Amino acid sequence: MAELNKAIDDYLESLTQRNESAHTLRNYGADLREFAAYFSPPGAEPPAPADFDLPMLREWLAHLYEREQKPATIRRKMASLRGLFHYLSREHRVRSDPARLLRLPKMPKSLPQSPNAETTNALVDGVGREDQDRPYPVRDRLLFEILYGCGVRISEAVGLNLDDIDQTERWLRVRGKGKKERQVPYGGKAAEALSAYLAARVIAPVPDAEPRALFLNHRGRRITDRGARRIVEFYAAYVAHDSSIHPHTLRHAFATHLLSDGADLRSIQELLGHARLATTQKYTRVSLTDLMRVYDGAHPKAKD
């Protein structure tokens with residue numbers, strides 16, 4: 001095995017030991033394999049990690065720009081590369097860390113898009129109707145109630161276990177980024193959906209069933225991120241007739257609607273599990289944008 005590929009394997013194993021998410025491991029693995037393949041001539045092995053310098057890494061960065069990849073994608077690929085060389089430097093497997101000098105592309109400042117409260121509630125209320133002929137309608141309804149009613153990420157929702165739920169006090173124990181735990185309340189609608197789902201929930205009699213998981217697929221195993229996303233995509237198209245709605249849209253809607261109804265920004269930060277208040281403050285810009293749209297359309301002086 002080439003030394004670079006061995007280094008990548010060791011780095012990914014270190015991330016596994018740190019309990020990084022399967023999503024992170026999958027993306028970082030793909031990014032770093034792509035990096036190694038780029039520097040692998042036909043029939044030859046890539047350079048050893050110690051042979052890489054800043055110009056070589058900048059060549060890789062230029063290649064990504066030439067392929068017109070999105071800034072967010074480039075930043076993730078650079079983050080995986082920085083992580084690899086930081087690990088190798090810490091393990092004294094390279095003399096220096098050239099990746100620390102890479103400059104990342106700036107992210108465009110875009111406001112999160114979310115449907116209004118009426119549209120979002122109509123979508124959630126429309127999930128699981130009999131005319132939709134879905135195999136697990138009560139599960140799907142609970143998924144939407146959790147995503148919109150609690151503002152959790154899709155990975156956090158599918159990661160929930162039965163023992164993470166306090167049905168008496170209506171709290172969820174949520175494991176977020178970096179395995180940080182937080183408690184999130186859920187309301188009456190979610191409580192009703194939860195009771196209906198637990199009453200209908202059946203554990204498949206198979207060896208690899210996961211009875212602790214809240215959301216199960218047809219094999220009795222924990223539903224995957226991808227599976228949950230497909231559920232949201234189906235109902236977004238079928239009920240709301242809007243294919244742009246995805247799981248994170250419901251998280252944006254949760255925060256935006258709370259803020260619009262007067263919720264405290266610090267409380268929203270806690271509910272979302274944001275480490276920095278600045279991350280949550282983008283929703284204030286959304287509210288101000290909506291306010292200006294109303295003003296521009298309604299106030300006579302705005303039309304002068």
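This passage describes the cores, aromatic contacts, cavity and pocket of a predicted model.

The chain has 304 residues, and 40% of them are buried. It contains 13 helices and 3 strands. Contacts at a separation of 6 or more were considered next. Of these, 57% join residues that lie 24 or more positions apart.

The largest nonpolar core comprises 46 residues. Phe 144 and Ile 146 have the most contacts inside this core. Several elements each supply at least two of its residues. They are helix 5 (117-125), helix 6, helix 7 (154-158), strand 2 (171-175), helix 8, helix 9 (225-238), helix 10 (247-260) and helix 11 (265-272). Helix 6 gives the largest share of this core, with 7 residues. A second core, separate from this one, has 28 residues. Leu 15, Trp 60, Leu 84 and Leu 88 are among them.

Phe 144 illustrates the contacts within the largest core. Neighbours within four places in sequence are left aside here. Phe 144 then contacts Leu 123, Val 124, Val 127 and Gly 149, among others. Its contacts also include Ile 231, Val 232, Tyr 235 and Leu 250.

Glu 145 also belongs to helix 6. This charged residue has a relative accessible area of 7%. Glu 145 is therefore buried, as the value falls under the 20% cut-off. Beyond its neighbours within four places in sequence, Glu 145 is in contact with Val 124, Cys 150, Lys 189, Ala 190 and Ala 193. Val 124 is also in contact with Phe 144.

Helix 6 appears again at the largest cavity. The structure holds 1 cavity of 30 Å³ or more. The largest cavity encloses about 40 Å³ of space. Its lining consists of Leu 142, Ile 146, Ile 165, Leu 172, Tyr 186, Ala 190, Leu 194 and Leu 214. By class, these are 8 nonpolar residues, with no polar and no charged ones. Helix 6 (137-150) and helix 8 (188-200) each provide at least two residues of the lining. Two of the lining residues recur elsewhere in this account. Ile 146 lines the cavity and is one of the residues with the most contacts inside the largest core. Ala 190 lines the cavity and is in contact with Glu 145.

The second largest pocket has another make-up. About 280 Å³ of space lies in this pocket. Its lining has 16 residues. Nearest the centre of the pocket lie Asn 217, His 218, Ile 223, Thr 224 and Gly 227. The lining divides into 4 nonpolar, 4 polar and 8 charged residues. Helix 9 contributes the most to it, with 4 residues. Helix 9 also supplies at least two residues of the largest nonpolar core.

Aromatic contacts were examined next. The structure holds 12 aromatic pairs. One of them joins Phe 35 and Trp 60. Their ring centres are 5.7 Å apart and their planes stand at 75°, so this pair is edge-to-face. Phe 35 sits in helix 2 (residues 22-38), and Trp 60 sits in helix 3 (residues 54-66). The pair therefore ties together parts that are 25 residues apart in sequence. Both Phe 35 and Trp 60 are buried.

Tyr 38 and Phe 39 form another edge-to-face pair. Here the distance is 4.9 Å centre to centre, with 85° between the planes. The two partners differ in burial. Tyr 38 has 32% relative accessibility, so this residue counts as partly exposed. Phe 39 has a relative accessible area of 10%, so this residue is buried. Both pairs belong to one aromatic cluster, formed by Phe 35, Tyr 38, Phe 39, Phe 52, Trp 60 and Phe 85. Trp 60 is also included in the second core.

Ile 74 is found in helix 4 (residues 71-90). Its relative accessibility is 0%, so Ile 74 counts as buried. Residues up to four places away in sequence are again not counted. On that basis, Ile 74 touches Leu 61, Leu 64, Tyr 65, Gln 69 and Pro 105. Ile 74 and Leu 61 are 13 residues apart in sequence. In space, they lie 7.7 Å apart, C-alpha to C-alpha.

Key
Residues numbered from 1 in each chain as written. Predicted model: local features only at pLDDT ≥ 70, side-chain atom pairs only at ≥ 80, totals over all residues. Heavy atoms only, no water. 1 Å grid on protein atoms, 1.4 Å probe; cavity = no way out; pocket = protein on both sides within 12 Å on 5 of 7 lines; lining within 4 Å. Points joined across faces, edges and corners; volume = space filled by probe spheres on them. Core = buried A, V, L, I, M, F, W, Y, C linked by side-chain atoms within 4.5 Å. Buried < 20%, exposed > 50% of the residue type's maximum accessible area, 1.4 Å probe, protein only. Contact = heavy atoms within 4.5 Å. Phe/Tyr/Trp six-rings, centres within 6.5 Å; stacked < 30°, edge-to-face > 60°.
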